[in-house]
Amino acid sequence: MAERTSQDLSEALKETTKEVHEQAENTQFMKSFQRGKVSLREFKLYLASLYYIYSALEEESERNKDNPVYAPVYFPAELNRSAALEKDLEYFYGPAWRREIQCHEATQKYVDRLHHVGQHEPELLVAHAYTRYLGDLSGGQILKKIAQKSLNLPKTGEGLSFFNFPGVTNISKFKQLYRARMNTIPMDVLTEKRILEEAEKSFLLNIEVFEELQRLLNQGQPSANGNAVQPNLELHARGINRPHGPVATVENDRTEMRHNDMLPSTPLLRWVLALCFLATTVAVGLYAF
């Protein structure tokens with residue numbers, strides 16, 4: 001077995017992924033988000049994508065919690081995000097949220113990779129856990145503030161459960177603990193190299209997801225007949241003004257009134273118009289004949 005390099009795994013991961021990390025942050029989707037230009041529809045698409053990714057990651061984490069390479073960074077009580085995302089999705093989409101969201105192609109590619117790694121190369125889960133969880137504990141806290149302000153979400157935290165880590169009392173200290181545990185993982189130089197390569201791949205998969213979400217925002221989603229449509233993803237959002245109940249009834253009544261205003265108001269005028277129409281029809285018919 002080849003010995004590991006003298007560099008800590010956490011430092012090697014940070015150094016190796018620096019460039020691709022910057023690429024992810026500079027995608028159009030993330031740049032708009034960071035500038036506060038995030039719509040409710042955009043945020044909901046983002047959360048739905050994260051739900052599929054974290055469900056896969058945490059399923060494979062549970063499967064490999066006793067693996068000697070992965071076990072040191074297994075922190076389900078502190079880090080798991082699936083349950084928090086379920087709360088957020090129910091808040092935005094309503095009780096039937098599972099039928100409302102969709103796993104798009106790039107997200108599915110990411111999910112498939114996580115399942116492959118968990119079932120065939122479990123030591124590489126270290127790379128995915130690092131890129132996802134430490135990112136959430138760092139930049140994710142900034143995104144939380146941006147989303148709350150841009151979308152005018154409740155200060156009590158509804159819709160933002162994903163960004164909250166109730167099991168982590170001190171984020172800075174926990175990240176130090178996490179990196180220290182990573183650096184104790186038993187591995188040879190070849191395994192370390194594969195983990196570093198997988199971390200880069202994880203960022204690339206993230207970039208593909210961001211680019212796909214941006215395309216969905218720009219072009220709309222394909223309908224069942226293949227035509228592009230702009231889905232009303234804000235339908236189930238809390239606090240969104242839309243016609244329903246009494247409002248819709250009032251609008252319909254107003255529309256009816258406008259149509260009725262265009263008709264003659266007395267029976268005599270209606271008869272005169274009918275006779276004129278009949279005479280005109282006959283005249284046109286004779287001319288054509």
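**Exercise 1. Decide whether L50 is buried or exposed, and find what surrounds it.**

Step 1. Start with accessibility: the relative accessible area of L50 is 3%, so this residue is buried. Here buried means under 20% relative accessible area, exposed means over 50%, and partly exposed lies in between, with a 1.4 Å probe and protein chains only.

Step 2. Place the residue: L50 belongs to helix α4. Helices (H or I, at least four residues) and strands (E, at least two) are DSSP runs, numbered from the N terminus.

Step 3. List the partners. Leaving out residues up to four places away in sequence, L50 touches L85, R132 and F162, where contact means heavy atoms within 4.5 Å.

Step 4. Look along the chain: L50 and R81 are 31 residues apart, and their C-alpha atoms are separated by 9.0 Å.

A word on the model before going on. This is a predicted model, in which local features need pLDDT of at least 70 and side-chain atom pairs count only at pLDDT 80 or more, while totals for chains, interfaces and linings use all residues. Residues are numbered from 1 along each chain as its sequence is written, and side-chain values use heavy atoms, with hydrogens and water left out.

**Exercise 2. Describe how α4 packs against α6.**

Step 1. Take the geometry: α4 and helix α6 (residues 82-93) pack at about 150°, with axes 9 Å apart. The axes are lines fitted to C-alpha atoms, for helices over the stretch in contact, and the angles run from 0 to 180 degrees between N-to-C directions.

Step 2. Name the arrangement: α4 is therefore roughly antiparallel to α6. Angles under 35 degrees count as roughly parallel, over 145 as roughly antiparallel, 65 to 115 as roughly perpendicular and the rest as oblique.

Step 3. Add the hand: the crossing of α4 and α6 is left-handed, which is the case if the near helix is turned anticlockwise from the far one by less than a right angle, and right-handed if clockwise.

Step 4. Check the residues. The α4 side includes F43, L47, L50, Y51 and Y54, and the α6 side includes L85, L89 and F92. By class, this contact of α4 with α6 has twelve nonpolar, two polar and four charged residues. Ala, Val, Leu, Ile, Met, Phe, Trp, Tyr, Cys and Pro count as nonpolar, Asp, Glu, Lys and Arg as charged, and the others, Gly among them, as polar.

**Exercise 3. Work out which helix gives the most to the largest nonpolar core.**

Step 1. Find the core: it has 73 residues, and L9, F33, F43, Y46, V126 and Y178 touch the most other members. A nonpolar core is a set of buried Ala, Val, Leu, Ile, Met, Phe, Trp, Tyr and Cys residues joined through side-chain atoms within 4.5 Å.

Step 2. Name the contributor: helix α4 (residues 40-63) gives the most to this core, with twelve residues.

**Exercise 4. Set out the packing of α9 on α11 and of α1 on α12.**

Step 1. Helix α9 (residues 125-137) and helix α11 (residues 171-182) pack at an angle of about 170°, their axes 11 Å apart. The two are therefore roughly antiparallel.

Step 2. In this pair, V126, A129, Y130, L134 and L137 of α9 meet I171, F174, K175, Y178, R179 and M182 of α11. These residues divide into nine nonpolar, no polar and two charged.

Step 3. Turn to the other pair: the axes of helix α1 (residues 9-16) and helix α12 (residues 189-219) come within 9 Å and cross at roughly 40°. That makes α1 oblique to α12, and their crossing is right-handed.

Step 4. On the α1 side are L9, A12, L13 and T16, which meet E192, I195, L196, A199 and E200 in α12. Here the classes are six nonpolar, one polar and two charged.

**Exercise 5. Compare S161, N152 and T169 in the loop between α10 and α11.**

Step 1. S161 is buried, with a relative accessible area of 19%. Not counting residues up to four places away in sequence, S161 touches R81, A84, K87 and D88.

Step 2. N152 is exposed, at a relative accessible area of 69%. Its phi is near 55°, a positive value in a residue other than glycine. Most residues other than glycine have a negative phi.

Step 3. T169 counts as exposed, at 83% relative accessibility. T169 and E78 are 91 residues apart in sequence and 9.3 Å apart in space, C-alpha to C-alpha.
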